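Visitor: I am new to this structure and would be grateful for a close look at one part of it. Please choose a single residue, and then explain how its surroundings connect to the rest.

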Amino acid sequence: MDLDAIAARLGVPVEDVDRVHRLAGDRPSAPLPAKADAPAILARLAVRPDDAAEIMAGWPDPDSPLWTPELRWLLDRSIALVRADLGGHGWLSPGPELPREQGPAWQHLYVYAYLALVDVARGYHRDHGIPDAVSWLSLADLGRNLAIDRRMRREGWPVMQSWLTLHVRGSVYELGRLQHHRGDAAIGLHVPDTGPLSPEAVAASLDDARAFFPRHFPDEPYTAFSCGSWLLDPQLLEYLPEGSNIARFQQMFELAPYEEQDGPDADVEVRRFVFRTLSTPLDQLPRRTVLQRAIIDHLRAGRHWHWRHGRFPI
C-alpha cells in the first residue's frame, strides 16, 4: 500500500493518511445499509431532504465512477478506525479533512462512515438497555449538524466530523434539552441548538441523566456534571440580564481558574454557535438579539471571549 500515493490523490497530508492506517490497522469495518433502506434511515436521523438528496446522489455503489480506489480505502478504514474505539469517549478524528468541493462522495464520505456505524452503535445501545427513543434521538444529531453545516456554507464540517464519532461510539446521549457525554468521573454537558436554554428544561434533563447513567452504565460512578464552553465565560454577564437563561446556566457551575489556550478558540466558537458563520466580517453580522450585540461589541472593543470549564456535583 502506497500511503504517499493515496495522500497525493486525496490531496491531504501523508501524515493524516498514515494516522488512519495506524489506528485502523486490519481491524474490521462495517457495511453500509442497503441503498433501498437509506432514505428511511436518513429520515430517522433527522437529515433534511436537501442533504439526503446529496447523500443518495453520492452513494458508494460498487460501480459508481465517483468513488476512486483511494476514497473507498479511506471510507473503509475510517469506519474501522471509529469502530475500534466503540465505547470510547475521547475526541476522535475519523480521518483527514477532504476537499469537499470535489463532489458528493468527497463531501459526505464521513457521513457514509456514520451510516455504516449506526447499526454498530444501536447494538451497543441495546447491550446497555438503552431505549430506542433515546438511541435514535441521540444519533439524529447527524441531521442537525448537516443542516447547520449547510447554513454555514460548509464551514462547520471539519469540527462536526470528529464530534459525530462520539455518537456512533455510544458516548453522547440526548436526554431532553442537553446532550450528556460519558467521561471519566464527570458527565459532560453539551447544549444543542434546539431552542431556549430554560432553567426548567435544564433541570429536567439533569434529572433524566441522574437516573439514566446508573441504570445503563452502572460500572461508571459519576460524581459531577461538567462543561467546557464559551457559555460559561463570566464576561457575558457584563451584557446579559441577571435573570437570563445563560446567566442562570452559569450559576450552576463552579469554574476552574482560567487558563489561556485551555480549549478551542472562544472567539471562533461564539461565531460558530451564535451566528453560524466563521468568515462574515463583524460589521455584517446581525444584531437582532442581546447576545448577538454582546458578542459583536465585545470583539469590536478589542476584547476576547474565553473558553471556561466548570462543574457541579451530581
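**Gln 179 and its surroundings**

Guide: A polar contact of 3.0 Å joins the side chain of Gln 179 to the side chain of Asp 141. The model examined here is a predicted one. Gln 179 belongs to strand S2, which covers residues 178-181. Its relative accessibility is 3%, so Gln 179 counts as buried.

Setting aside neighbours within four places in sequence, the residues in contact with Gln 179 include Asp 141, Arg 144, Trp 163, His 167, Val 172, Tyr 173, Glu 174 and Leu 189. Leu 189 is ten residues from Gln 179 in sequence, and their C-alpha atoms lie 5.9 Å apart. Three of these partners lead onward: Asp 141 to a helix, Tyr 173 to a sheet and a group of rings, and Leu 189 to a nonpolar core.

The helix comes first. Helix H9 spans residues 141-151, and nine of its eleven residues are buried, so the rest of the structure largely encloses this helix. Among its buried residues are Asp 141 and Arg 144, together with Leu 142, Asn 145 and Asp 149. After H9 comes Arg 153, which has a positive phi, near 55°. A UniProt record, in an unreviewed entry, lists residues 37-170 under "domain: N-acyltransferase N-terminal". Over residues 37-170 the chain is 63% helix and 0% strand, with the C-alpha atoms at the two ends 23 Å apart.

Leu 142 of H9 also takes part in a wider grouping. The largest nonpolar core contains 55 residues, and Leu 142 stands with Leu 45, Ile 55 and Leu 115 among those with the most contacts inside it. Helix H7, residues 109-127, supplies the largest share of this core, twelve residues. Beyond its neighbours within four places in sequence, Leu 115 is in contact with Leu 142, and also with Pro 33, Ile 41, Leu 42, Leu 45, Ile 55 and Trp 59. Apart from this core lies another, of 22 residues, which includes Leu 189, Leu 206, Phe 212 and Phe 225. Leu 189 is thus a member of that second core and a contact of Gln 179.

The sheet is the next subject. Six strands form an open sheet with mixed pairing, in the order S1-S2-S3-S4-S6-S5. S1 (172-175) and S5 occupy the edges with a single partner strand each, so one side of each has no neighbour in the sheet. The partner of S1 is S2, the strand of Gln 179; the two run antiparallel and are joined by four bridges. Across this pairing, Leu 178 in S2 stands opposite Leu 175.

Elsewhere in the sheet, S4 and S6 run antiparallel and are joined by six bridges, with Gly 228 opposite His 309 in S6. S6 also pairs with strand S5, residues 254-255, in the antiparallel sense over two bridges, and there Glu 254 stands opposite Arg 311. The side chains of S6 alternate: Arg 308, Gly 310 and Phe 312 are buried and point to one face, whereas His 309, Arg 311 and Pro 313 point to the other and are not buried.

The aromatic rings complete the picture. Tyr 173, which is in contact with Gln 179, is linked through ring pairs with Phe 212, Phe 213, Phe 217 and Tyr 222 into a cluster. Rings count as a pair when their centres lie within 6.5 Å, and by this rule there are twelve aromatic pairs. In one of them, Phe 213 and Tyr 222 have ring centres 5.7 Å apart and planes at 80°, so this pair is edge-to-face. Both partners are buried: Phe 213 has a relative accessible area of 2%, and Tyr 222 has a relative accessibility of 13%.

Another pair, Tyr 239 with Trp 305, is tilted, at 5.9 Å between centres and 55° between planes. This pair links distant parts of the chain, 66 residues apart: Tyr 239 is in the loop between S4 (224-229) and helix H13 (245-251), and Trp 305 is in the loop between helix H15 (290-300) and S6 (308-313). Tyr 239 counts as partly exposed, at 26% relative accessibility, whereas Trp 305 is buried, with a relative accessible area of 4%.

Terms used: Residues numbered from 1 in each chain as written. Predicted model: local features only at pLDDT ≥ 70, side-chain atom pairs only at ≥ 80, totals over all residues. Heavy atoms only, no water. Phe/Tyr/Trp six-rings, centres within 6.5 Å; stacked < 30°, edge-to-face > 60°. Buried < 20%, exposed > 50% of the residue type's maximum accessible area, 1.4 Å probe, protein only. Core = buried A, V, L, I, M, F, W, Y, C linked by side-chain atoms within 4.5 Å. Contact = heavy atoms within 4.5 Å. Polar contact = N/O pair within 3.5 Å; in protein donor to acceptor, adjacent residues only side chain to side chain. UniProt positions renumbered as here; feature names shortened; annotations may be inferred. Pairing = 2+ DSSP bridges.
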